[in-house]
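Subject: Structure for you to look through

Dear colleague,

I am passing on the structure we spoke about, together with some notes on what I found in it. Please have it open while you read, since the notes go from one part to the next.

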Amino acid sequence: MNLRNRTILITGGSAGIGLAFALKFLELGNEVIVTGRRQTVLDEVKAKYPKLHTIQSDVADTAQIAALAKRMKAGFPKLDVLMNNAGIMLHKDLKVPAADLDGLMAEVNINVAGVIRMNSAFIDILTANKGTVINVSSALAFVPLPSAPIYSATKAAVHAYTQSLRFQSEETGVEVIELMPPTVKTDLAADITEGNGVTVITTDELVKQSFASLKAGALEIRPGQAKQLALMRRLAPNFINRQLWKASRKLVPVGVR
Ligand SMILES: NC(=O)c1ccc[n+]([C@@H]2O[C@H](COP(=O)([O-])OP(=O)(O)OC[C@H]3O[C@@H](n4cnc5c(N)ncnc54)[C@H](OP(=O)(O)O)[C@@H]3O)[C@@H](O)[C@H]2O)c1
């Protein structure tokens, strides 16, 4: 991926991995726009990093995506990178009925439907500008973390969707990249601790490894333990599945679906 002179929109760029990528892209001299749901958090980010553009927008809300696309196309006609990073992770007890059936779909609406809606809303400008899509899935696309069953399923879905998008985009010249992070120290993964074979890396380490891969032209980026999980899934799928169950069993919130 060409890492300079780009205009880059990062969903969920007000914290964690999205913010770390935004700051690295900024450091390389790019124009960077980040979104998030909470205006207060975006205001804090803007105060700290005035060069970042911030826009409140929820990827689970169709109307907000349409408004964002309109605003971006008018205000940033050179937009040529969309990083679909916004995501949430919830630990669930699948053994009990959910009190809120709509709430049960939150991860599906954000992590998968958000990516699909965003790509659809921006594919015209990305095609016109010979752009790049970066979809953020997870190493859990390879092997599920059973305490976060819906989350893991959403990431497997993003992985499959991204491969299809890449093939279809061959004829348009839109570059399709997938970032598959291992466990990274952010708010999202705050309750996942090291042990039982799980290691946690910092956003700095993730950025370091990922940008080296992006620079080298990789389309599927598997930093740190993501590489091992991809291999283990092929070599010893039953073993690695059970390992992640052992590692995450204590995170199942008993009685909460
Ligand atoms: N951390 C990990 O271990 C890990 C591993 C693999 C993959 N990932 C993936 O990496 C991505 C970023 O995760 P993270 O760890 O950086 O999480 P994080 O620290 O919790 O940050 C999530 C960001 O997304 C925003 N966001 C959440 N829901 C949104 C929505 N509906 N619309 C727009 N923005 C939204 C949040 O801001 P608001 O709350 O204000 O909206 C925040 O800026 C996610 O897709 C996650 O699944 C993370």
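Below are my notes on the sheet, the core, the ligand shell and one residue in a helix.

Please keep in mind throughout that this is a predicted model, and that everything I describe was computed from it.

I begin with the sheet, which is open and is formed by seven strands in the order 3-2-1-4-5-6-7, with parallel pairing. Its edges are strand 3 and strand 7 (220-221), each of which pairs on one side only. At one edge, strand 2 and strand 3 (residues 53-56) run parallel to each other and are joined over four bridges, and within this part of the sheet I33 stands opposite H53 of strand 3. Between these two strands the chain passes through helix 2 (residues 39-48), giving a β-α-β crossover that is right-handed. At the other edge, strand 7 pairs with strand 6 (residues 175-179), again in the parallel sense, over two bridges, and here E178 has E220 in strand 7 as its bridge partner.

Turning to the interior, the largest nonpolar core holds 64 residues, among which L9, A22 and M83 touch the most other members. The element that gives the most to this core is helix 4 (residues 106-128), which contributes eight residues. If you would like one residue to start from, M83 is in contact, apart from its neighbours within four places in sequence, with I8, L9, I10, T11, F21, I134 and V136. As general background, nonpolar side chains tend to be buried together in soluble globular proteins.

The ligand is surrounded by 30 residues, and the closest of them are G12, G16, R37, G87 and T186. By type, this shell divides into 14 nonpolar, twelve polar and four charged residues. Helix 1 (16-27) and strand 2 (31-36) each supply at least two residues of the shell, and the largest share, three residues, comes from helix 1.

Finally, there is L231, which is placed in helix 7 (residues 225-235). L231 counts as partly exposed because it has 13 C-beta neighbours inside 10 Å, while the cut-off for an exposed residue is 12 or fewer and that for a buried one is 20 or more. Along the chain L231 lies 200 residues from E31, and the C-alpha atoms of the two are separated by 36 Å.

With best wishes

Key
Residues are numbered from 1 along each chain as its sequence is written. This is a predicted model: local features need pLDDT of at least 70, side-chain atom pairs count only at pLDDT 80 or more; totals for chains, interfaces and linings use all residues. A residue is near a molecule or strand if its C-beta atom, placed from the backbone, lies within 6 Å of it. Ala, Val, Leu, Ile, Met, Phe, Trp, Tyr, Cys and Pro count as nonpolar, Asp, Glu, Lys and Arg as charged, and the others, Gly among them, as polar. Two strands pair if DSSP finds at least two bridges between them. A crossover is right-handed if, with the strands pointing away from the viewer, the path from the first strand over the helix to the second runs clockwise. A nonpolar core is a set of buried Ala, Val, Leu, Ile, Met, Phe, Trp, Tyr and Cys residues joined through C-beta atoms within 7 Å. Two residues are in contact if their C-beta atoms, placed from the backbone, lie within 7 Å.
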